[in-house]
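Trainee: Could you take me through one part of this model, the surroundings of the ligand? I would enjoy a close, connected look.

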Amino acid sequence: MRIVLLGPPGAGKGTQARKLSERYGIELIGTGDLFRDHVRNGTELGLLAKKYMDAGELVPDDVVVEIVAQALGSSDGFILDGFPRTTAQAEALERRLEEMGRPLTAVLAFDLPDEIAVKRIAGRRTCSTCGETTNVALDPPRVEGLCDRCGGALVQRDDDREDTVRRRLEVYHESTAPLWDFYRNRGLLRVVDAEGPEHEVTDRAVRALAPLEQDARP
Ligand code: AP5
């Protein structure tokens, strides 16, 4: 399966991408995570990306397209989380997958009101040791400030301040939301209601993919 996840910041794309990648045994490529790795490693690309990320703006298309092309390699099955985010990125992806002879099988569009997204993001913390994501408002850790899984320190993403989140939502509505129609016109869009507990959202995503899973079987 070759799947794209669309949806506003805080919709749960990263959370669901990890679950679906495990369930279907396919590679997960998340552009936000790729950029954060570069920032942590202090690369030139990381320094460039951080400037845009901290302002809630998109990293320029040519930079993102290049990094995704490298990550894709000749991969047969994948989940793309956070890419594409503009029409130019979607067209570049389409061309690349056509060259590979491996078109997308589905686009899951996670639907969530902005106010719920803002609340989810306000509580999001990431473990600085193992990378596990948690939500201190919705599911507080056993020991304040520490990861339940490994005991590492929980930290807040630099771009999760409320004013930056509001800007990220604006950018999403301006630049990324038009991709719902882009993919609807290609018959690929499956809208998933992203409200409610994580496992319910996963069930909805799996149900949306079920007909495609059957088609993919020999
Ligand atoms: P990126 O890291 O992709 O951020 P995003 O799209 O803004 O998405 P988030 O990570 O904020 O949210 P999510 O939908 O993954 O939700 P999550 O599962 O974490 O991108 C960051 C930046 O990188 C961009 O702003 C841009 O600058 C740059 N960038 C990345 N890709 C780019 C591209 N293609 N082009 C240009 N620039 C690019 O969940 C959020 C919280 O809610 C968590 O705490 C989670 O535990 C909780 N949660 C999840 N599901 C539920 C649920 N069902 N109920 C309750 N809580 C839940």
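Mentor: Happy to. Around the ligand there are 34 residues, and the closest of them are Thr15, Glu57, Arg85, Arg124 and Arg168. Keep in mind as we go that this is a predicted model.

Two of those arginines also make polar contacts. Arg85 places a polar side-chain atom 2.5 Å from an oxygen atom of the ligand, and Arg124 does likewise with a polar side-chain atom 2.6 Å from an oxygen atom of the ligand. Gln89 contributes too, with a polar side-chain atom 3.0 Å from a nitrogen atom of the ligand. As for cover, the ligand on its own has 1,000 Å² of accessible area, and the protein covers 94% of this.

Where does the shell come from along the chain? The elements that supply two or more residues are helix H1 (13–24), helix H2 (31–41), helix H6 (114–122), strand E6 (133–135) and helix H9 (198–216). H2 gives the most, with 4 residues. Sorted by class, the shell holds 13 nonpolar, 11 polar and 10 charged residues.

One more spot is worth a look, this time for its aromatic rings. The model has 1 aromatic pair: the ring centres of Phe182 and Tyr183 are 5.0 Å apart and their planes stand at 80°, so the pair is edge-to-face, given that angles over 60 degrees fall in that class. Phe182 counts as buried at 10% relative accessibility, and Tyr183 is buried as well, with a relative accessible area of 2%. Phe182 has a charged partner too: the charged end of Arg186 sits over the Phe182 ring, 3.7 Å from its centre.

Note on methods
Residues are numbered from 1 along each chain as its sequence is written. This is a predicted model: local features need pLDDT of at least 70, side-chain atom pairs count only at pLDDT 80 or more; totals for chains, interfaces and linings use all residues. Side-chain values use heavy atoms; hydrogens and water are left out. Rings of Phe, Tyr and Trp (its six-membered ring) pair if their centres lie within 6.5 Å; planes under 30 degrees apart count as stacked, over 60 as edge-to-face and the rest as tilted. Buried means under 20% relative accessible area, exposed over 50%, partly exposed in between (1.4 Å probe, protein chains only). A charge sits over a ring if NZ of Lys or CZ of Arg is within 6 Å of the ring centre and within 35 degrees of the ring normal. A residue is near a molecule or strand if one of its heavy atoms lies within 4 Å of it. A polar contact is a pair of N or O atoms within 3.5 Å; within protein, one must be able to donate a hydrogen and the other to accept it, and residues adjacent in sequence count only if both atoms are side-chain atoms. Accessible areas come from the Shrake-Rupley method with a 1.4 Å probe; for residues, only the protein chains shown count as cover. Ala, Val, Leu, Ile, Met, Phe, Trp, Tyr, Cys and Pro count as nonpolar, Asp, Glu, Lys and Arg as charged, and the others, Gly among them, as polar.
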